[in-house]
Each structure stands twice: as structure tokens, then as C-alpha cells.
Amino acid sequence: MSCKKVYITTPIYYVNDIAHIGHAYTTIIADMLARYSRMVGLDTFFLTGTDEHGQKIEHSALAKGKTPQEYADEISLSFKNLWDDFDISYDKFIRTTDEAHKIGVQKAFIKMMEHGDIYKDVYKGHYCISCETFFPKSQLVDDEFCPECGRATIIVEEESYFFRLSKYQDKLLAWYAENPNSILPKSKRNEVIRFVEGGLEDLSITRTSFDWGVKLPSELNDPKHVMYVWLDALMNYLTALGYGTDEKNIGYWPARVHLIGKDILRFHAIYWPAFLMSLELPLPKHIAAHGWWTKDGVKMSKSKGNVVNPKEVADAYGLDNFRYFMLREVPFGGDGDFSQKALIDRINSDLGNDLGNLLNRLIGMSEKYFDGTVECDRVAQYYQDELNEVDASLDKLEPLLFEMQIHRYLEELWRPLSVANKAIDKYQPWTLMKESKEDEAMALNGLIAAILAKVAVMLAPVMPETAQKIALALGFTISYDSWNSLIVSKELPKPFKITKIPPLFPRIEEPLLGHPPSEPEEPVKTEKPKSSKESETGIALIGIDQFFQTSIKVGTVIKAEEVEGSKKLLLLQVDIAEEAPRQVVAGIKEWYSAESMLGTQVCIVANLKPAKLMGITSEGMILAARDAHGLSLIRPESHKVNGTKIG
Ligand code: MSP
């Protein structure tokens, strides 16, 4: 990264409602970037806060029988408390009702005026209170409704000060052209360019019909005007650094990145740079707009009662897991859907299977074979290819981060884990030990430890607590120094004694929020074999020879896909060391995704008569246990050679 100071912002949140997962999403991304910047030694300032003025807030306060200030105090505090609960690492929480902010906004107003960019006129047109936006008639739906939120607009005719936005049209277009990464993702940048090319009208920046806002500077002697809420709000990015008052932090400007949702892109990518040009200040490096979260495919709204409370989710599933899910689940800029199922899949599969199990395996192997000691000095001798592959992935990470390819960052970070898991399956430490190749087995443990340590460092900004726990097990702490040695200098951990820690991601079988436990399935009715006796418990007793008539074998899933049109079935190809893999149709999709099955081992009944399920032949049955809490596959505790018989 080029600049030493890094300034990262979230939008300031309206205080007309409490936080939901959409707000948490923006804040978590910003927090991740801030944590990363600090870890790599950059002087970082992370800002969040609340947007407290405007007609919408005034209305909401009145509806609750409170003054706008009382109401704003209450909701602003609820945001701050939530971010504190979430351990969000902000450096400043700004409120637009802060005195210093108001002074800064007034100074900016005067400066823009001196620059010849503000004039007084009469505004006549439509206004959407919910979006706090003026719309020309040409943009309205059916001449009346807001094109953004669909609510009815009001007609406003009042004296107003205007900002000469039209004057900045060409300068803005030049800025977008010269800075291809100014607006991310790039698809959004194109939308903005098209909008600006369509022509910009001057912007009304004061209101007289209500009172709840920053007053005009007293020297203008025009007390009936308050500032337009978006001018007031956008200025927070500067006033938080002391603009117009105590400017001790102003050196953090310009922002490295303003994180926002796509709905407020126009304000940030058009109005804000134009205001900054008028103030003769540098423009932000990136304006990054993320997509919109829905719940189970439906837009969240209070009236539908489907608003997801981020605190409830984090309390139930773990804060770090929630953070990982939000950042991994959707490509930045795209819309995302929140469902407990998707969250559980990520926890069980990416976190549990790929990461947690790897650490457990390392702990198990190093305790069993080497009394917990791990040494990396021979890793390069035996596993240089694997190390190269891991370092190549880690090198790709940082650029992805500030290009906002956060899901790709995590995807890439998982590659080293798959290198590690594959290495265990390929080199089999238990076989190495049997063959007395202790050096090689130790080096393999060293490789796994090195991979886990490096991944933990780069995971720390996303899952700070989990990364620290992994580091603890591996005898180090996450810090600038560990980043510098493990990632920058590509060093391997020093010898250490492993510390056993409880499993990081206990498997989750059932949604943990607001769902009744699912009913156990009807017991399958089978006919009793004629020759069998009955035990005292009523279960038919069989002889051992009868048991051995069932051939159960261990196999590895080498291909897994969903069965089209089925909610329950997965189609698996299982290698049980026969000429061809066995094709098995398994009713496990509600609990296991196709992706999570790939490469894992299962136990299959191998001598069942083939049966057809949804027209597909199934050549075996996978062993599983199901109770009221869900379904778990029965698998060997550690890797077994494909085709191994069970019994
Ligand atoms: N106050 C303005 C921002 C001023 S910044 C100078 C505002 N506030 S907001 O509370 O309505 O929204 C804040 C952020 O939350 C926006 O970035 C918005 O995109 C985001 N989200 C609100 N609902 C959301 C979802 N359902 N999904 C994702 N993010 C969403 O706008």
C-alpha cells in the first residue's frame, strides 16, 4: 500500500431505527479493513457514527412523543452500544448533533459561498422525506412516487440556497475517467458516469419548512434556513477529523475508502466529490458500494417483521462466525441473502471442516507422535512445493482487500487450508510413522502448523478472536511482528509445544434462532426376520454372521452435485477402491451441501440392491444418524484407505 495514513469510514446511520444486519455488514467490512491496516503497521483512523438531523428523524421522534434530541440520543446510543458489543475498532463515533460538527458544516458553507458555488433562489419540486432527496418530475414514478423507495413524495415550494452542482459535471467526469478505481465495484462506477453524463441540476441545500438541522452560519443572518441533511451528513467525514475546529487529525484526509451501501452511492460519488472540489480539498481514493441484504429472499422491513437483528445472530452463532459469513457469503457489490441455513453451512463446512478440523488433526497428531512438539526446520526439505503454493496464495491477498474483493480474499485464504488437508491425506503421517519416517512426519506437522499460523494472521482482521485462539494453540500471538515474519518474510514458526484448545467450531445441526426443533422422522417399519429372536428391549437379535452379510465400506466422495428439482437429495460418486466409483443418491442435502461433501469420507452399505430415486440409480446407502436435532453422517474418525471394511 502506498500511503502511510489510512482513513476508513462507514456511513453515519440514521437514528430513526435500530441497527439491522445491513448496517452491521457495512460496519464489519470497515472494521476488517481498519484491523488489517493497523496490523500491517499503517497509521489508521476508523470513523463511524450517527446521522441525526432531517425531517425523517423529526417525524419519527414526534411519533414517539419525544423531542428529536431525546430520540436521537437514545438511538445513537443503541448504535454505539451495538458496535461496542461487537468490538468494532472505531477511533471516533461522530454524531451530527455534536457542536464541533455543526461549526465545521457552517464553515464549509461559507467557504463554498466564497467560492461562488452557492446562490439563493426558490425551490419548487418533489421531495421524498424517507430518502431525504429532491427528485425532478421526470424521475418520479406515476408523476408522484419516489423512484428509490416507492413512497409518495411531497411538493415543496420554498426559498432555498442552491449549490452549483451543474458547474462540476465535467470535472466529475474527468475525475471518474482519471481514477478508474474511485468507485468500486466498477459496474457501479459506470452507473454513476451514465447518470452524470445525463446532466446535473443545481442542488437545493437548505430547507425552511422544518427546524431540525444545522442552522446557517450566523453571519448570513438567515435564521429560517437549516442545512439540507445530506450536506450536513456528508460533511461528517471532514468534521470528524476536526475540519473547521481543532484540525489535529486533518492529516488523515483524504479517505482511503468510504464504505457505503449502493442506495447512497449518488450522494457519495456525485455530491460529495463536488462539495470537496468546491472546498478545494483532495477527493477520496475509493468509494466502495456494497449490495443489499435480504432475509430468506425477501426484502427486510419492519412491517413484514423480518428484520434480522445482528446482535441476536452474533449471540446465537458467535460474533466471529457471523463476521466470516457476512464477508464470505456475497461478492462485494452483489446483493446477499441471509438465512440461517446458509450461515450454518458456512460454519460447519468452511470453518468446521476446513479450518477447525485441521487444527484438531494437528493437535492430535503432534500429541500422539511427538508429545506435542512441533518443529518446522525440515518443512522446506520435504514439502517445498506445498510451501510455494501457500505463499503464492498469501501474496495475492492484500491487493484483493483494498479492491474490495473481500469474498475473494477469503476464498484465496482458504487455499492454503486445502493444501494442508490434501497433504495429510496424501502423505499420511500415520503411514510415515509406521515406516519410521519420523523426520518426514514431523515436517508434515510443521507444514500444517505453518499453514495454520499464516492463515490465522491473515484471518485476524475478519475473525479476530478465533485467529488469536489459533495463534495461542500454536504458541504465538497475532501482531505486526508475527505478520511481518510469517507473511512478509515468509518465515516458518519457531519450534513450539502445541496447546490443546477446545474445538473452535462445534457442529451446528439445527437453526439456533426462532425455529421449533424439527420433528424426528417416523421410524421406518421393517418386517422382522423370521429366524430372529427378540431381545428384552424388543429389538430383533441377529448372529454375527448375519451382521457380516452387510458389507459396509469406507469411501471418499470424489464428485458431489445436487439432484435437480430435489430439496433433499445429493448425487455422490464414492470411491470405495473398486473399478468404478459407486453412485449414491443420498437424502442429506438439508444438512450437507454438495461442496462440503467433496473430498470427505463416508461409510456406505455396499451390497444393497440398486434402487432408483427420482429416476437416478443409487448403488449404496450412506450411514447417518438422525434425531430431533438433525442429521450427522457416520464417518471414520481419522482417514482410512478407501474400500476398508467396517465390522
Ligand atoms: N444517513 C445515511 C448515510 C449518510 S452517510 C454520510 C443513511 N443511513 S441509513 O441508516 O439509512 O443507512 C446506512 C447504511 O446502511 C447504508 O450504507 C445502507 O446502504 C445500509 N443498509 C441499510 N439497509 C441495508 C440492507 N438491507 N442491506 C445492506 N445494507 C443496507 O443512508
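Start by selecting His-20 together with the ligand: a polar atom in the side chain of His-20 lies 3.4 Å from a nitrogen atom of the ligand, which falls under the term polar contact, a pair of N or O atoms within 3.5 Å. This is a predicted model, in which local features need pLDDT of at least 70 and side-chain atom pairs count only at pLDDT 80 or more, while totals for chains, interfaces and linings use all residues. Residues are numbered from 1 along each chain as its sequence is written, and side-chain values use heavy atoms, with hydrogens and water left out.

Add His-23 next, where an N or O atom of the side chain is 3.5 Å from an oxygen atom of the ligand, and then Asp-263, whose side chain places an N or O atom 2.4 Å from a ligand oxygen. Taken alone the ligand exposes 660 Å², and the protein buries 94% of that, with areas computed by the Shrake-Rupley method using a 1.4 Å probe.

Now widen the selection to the shell around the ligand, counting residues with a heavy atom within 4 Å of it: 23 residues surround the ligand, and Ile-12, Asp-51, Gly-261, Asp-263 and Trp-293 are the closest. Colour α7 (229-234) and α1 (21-39), which are among the elements that each supply at least two residues of this shell; α7 gives the largest share, three residues.

Finally, zoom out to the whole protein chain, which has 21 helices and 30 strands, these being DSSP runs of H or I with at least four residues and of E with at least two. The C-alpha trace spans about 100 × 60 × 40 Å along its principal axes.

Note on methods: Polar contact = N/O pair within 3.5 Å; in protein donor to acceptor, adjacent residues only side chain to side chain.
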